[in-house]
Each structure stands twice: as structure tokens, then as C-alpha cells.
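Trainee: I'm new to this one. Can we go through how its parts meet?
Mentor: Sure, have a look first.

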Amino acid sequence: MSPRPRPGILDVAPYVGGESKAAGVNRVIRLASNENPLGPSPLAVAAYEAEKSQLHRYPDGGARELRQAIAETQSLQTDRIVCGAGSDELIGLLVRAYAGQGDEVLYSEHGFLMYPIAAKTAGATPVAAPEANLTADVDGLLARVTERTRLVFVANPNNPTGSYISEAALRRLHKGLPDGVLLVVDMAYAEYVSAPDYPQVADLVESAGNVVMLRTFSKIHGLAALRLGWAYCPPAVVDVLNRVRGPFNVSQAAQAAGIAAVRDRDHVTSSIAHNSKWLAWFSGEAAKAGIEALPSVGNFVLLRFPGGGAQAEAVLAEMKRRGILLRGMAGYGLPDCLRVTIGTEEELRATAEALAEVMS
Ligand code: PMP
């Protein structure tokens, strides 16, 4: 008898990240992982480099200065912030702390894949609620809440669909949940959204006892390699996360880079401006090539192919052969779609040109 993991673990299909290499191609165009094409702020890189003489020291386990910098720049309360090694770590910690065997973790049909993975890892049951129009559906979610539901995850905007739910919809979802269910609003792409009805959520976190907001430095701040995310929580959830996280879960280099990144508002502003310009341009070019570009408020766009799953798969392979890496969506239940990250102007022009050729 060999050692056996807890029930559920072997049901987990490991998360497969976006591809980063194409055989035989030297310069690949990487549009598969929703990274910031402008890279990080130069000030964040300098802060990271300045840490190199202190690699023998443990980091500040409480990430005090980083939490203060986040709170200061976004008018939040320092003591409600918990930092993690990417928001992925915080998703896993929340699920493990609040759900176990026999419990349910609710998320929306085409929601971010780490939610069902984290649920299974904790031995809990992931429950997917149907969406309307590739958008999280409040009634669909509420209809699936049972006495076993412990957490509800909503990515807003969602990856990979690029859709979002409004302030009114989010409030209605929260109102419909029992107080004992934790509502986790994952706002990895929040900075890119300019819609006036997009909910900021921090005030709901502060007024309710069962809402958590998740944020990341991987997208707008271009620091995906450093693994840095944070949660904005009710005090009781802060206490729980501080008990279950590793004592030094965020490296000092990540903390230093994060502090510089949140203070560099110019870099954030130019990343947003780049994205809105090129998201609109690229969506238009895809449509001209006969591909449906779904409306997106994120730093990526979902393309739906008229020829269905076989065509999407063929285009993915042909683009890879040309050194352009996009993301297949079969794992998200969207086999007829590919997701494209908004890259640099040069990358997107090359991608649009290749797509037009492949589709003609
Ligand atoms: N949430 C969503 C919706 C995401 O798309 C991602 C990144 N793919 C994450 C969380 C995790 O990001 P990170 O762990 O890099 O913070």
C-alpha cells in the first residue's frame, strides 16, 4: 500500500498555464497569459534590484510597508489587507480555510479555472452555475446555493470571457447569500475597467462581514514573475488568512517591487491607455477577418470561430507554427474560442495579419 492523498486530490486536473515556447521559432509572440506587454514600472525593477544585497535575510512576514503603500494609494485600511504569493495562493488559502469534504464551492460556468481546482484540492465539491451570455448570472448562482455552500467566487471582470457584472448585480448577489457564505470577488483585471457601473467592492468588504476582494500585481503592474497578490477582507478573515498562510509567503523582493509599482501611477495610466486603444483596434481587425470578438473589459479578448472547435484548434496550431502563442479554451468549456492577450502594437499587428491570412 503506497501513501494516498486525501479524497479529491487525484481528481484535480493540474492547471496548465499559457504556452511560452514554440519549437523552431526564435522570437515568439506570447499572447497566452494576459501579461502586461509594457512590462513592470522601471521603478519596480530598480526596487527589486536593490534587494539583492539582502538575500540572506527573511522577508517582513507581515508585509507591513507594502500593505501601507496599497492602503495609502487606494484609500483602504492597512489592517484589512493580507498579501499572498499571487492571488492564486489566496484563492487556495481561502478555500482550504473555509471549505472541506462535504462542502460546496460555487462559481460561474466559465469562471477562472483555479476555483474548481482549489475546491477539489480541499476535498470540497465545485459547483458551476450556468451563465447568461457568457456573463456570470446572479439568479443562476443564487439558485445553486445550498446549506453546504461555503464560498462563492466571482471573477469581475472574468477571465476568459472578459465580461463583468454591475454594481447592482453584485449587490443583489450579496443580498441573496446567507451571512455564513463567503463571497470572493476576484478583481485581477479591475484597473482595466472604465465602465461607470463597474463595482469597486472595497466599501462592501468594509460594511459586510462576508465579502473578500482579491487583487494581483501580475496584470496591470506587470509583475507576474514575482508572484504577488492581496486580499481585502473583514477582520475575521484577515485573522484566518494570517493563521493559514506561510509565515514568509511573500518574498522581500516582491514586496519592494510592489511598493514601487503601486506608487508609480504614470505606469498604471499608460498601461490602461495602451490596453484600451489596442483592445478596440484588435477586436475590429478580428471582426474584419470574419472572427467574432466578444466584448471585453480586460486585457484580453475572446475570439469565437464560425467554424467551431475544429477551426479554433487548427488556428491555434497554425498560429503556434508561426510563433504566435494564443490560449486554447477547451478547458473552459469554450472549445470554439481562443483567447488573445492585448500585447504590444507590433505583436498585435503581426497577429491580426496572420489571423487574416489563416482565415482567408
Ligand atoms: N484570478 C484571475 C481571474 C486570473 O485570471 C488570474 C491569472 N490568470 C489570477 C486570479 C491569478 O493571478 P496571480 O496568481 O498571478 O495573481
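**Where the two domains meet**

Trainee: How many residue pairs are in polar contact between domain 1 and domain 2?
Mentor: There are 11 such pairs between domain 1 and domain 2, both residues at pLDDT 80 or more. They're called polar contacts because N or O atoms sit within 3.5 Å, one able to donate a hydrogen and the other to accept it, and sequence neighbours count only if both atoms are side-chain atoms. This is a predicted model, where local features need pLDDT of at least 70, side-chain atom pairs need 80 or more, and totals for chains, interfaces and linings use all residues. Residues are numbered from 1 along each chain as its sequence is written, and side-chain values use heavy atoms, leaving out hydrogens and water.

Trainee: Which elements give two or more residues to domain 1's side?
Mentor: Those are α10 (265-288) and β10 (300-304), with α10 giving the most, 6 residues. The names follow DSSP runs numbered from the N terminus: helices are H or I, at least four residues, and strands are E, at least two.

Trainee: How many salt bridges link the domains?
Mentor: The count is 0, so no Lys or Arg side-chain nitrogen is counted within 4 Å of an Asp or Glu carboxyl oxygen across the two domains.

Trainee: What makes area count as buried?
Mentor: It's accessible area (1.4 Å probe) lost when two parts are put together, summed over both. Domain 1 and domain 2 bury about 2600 Å², 66% of it on carbon and sulfur atoms. In domain 1, Pro-40, Val-297 and Tyr-332 lose the most, together 27% of what that side buries.
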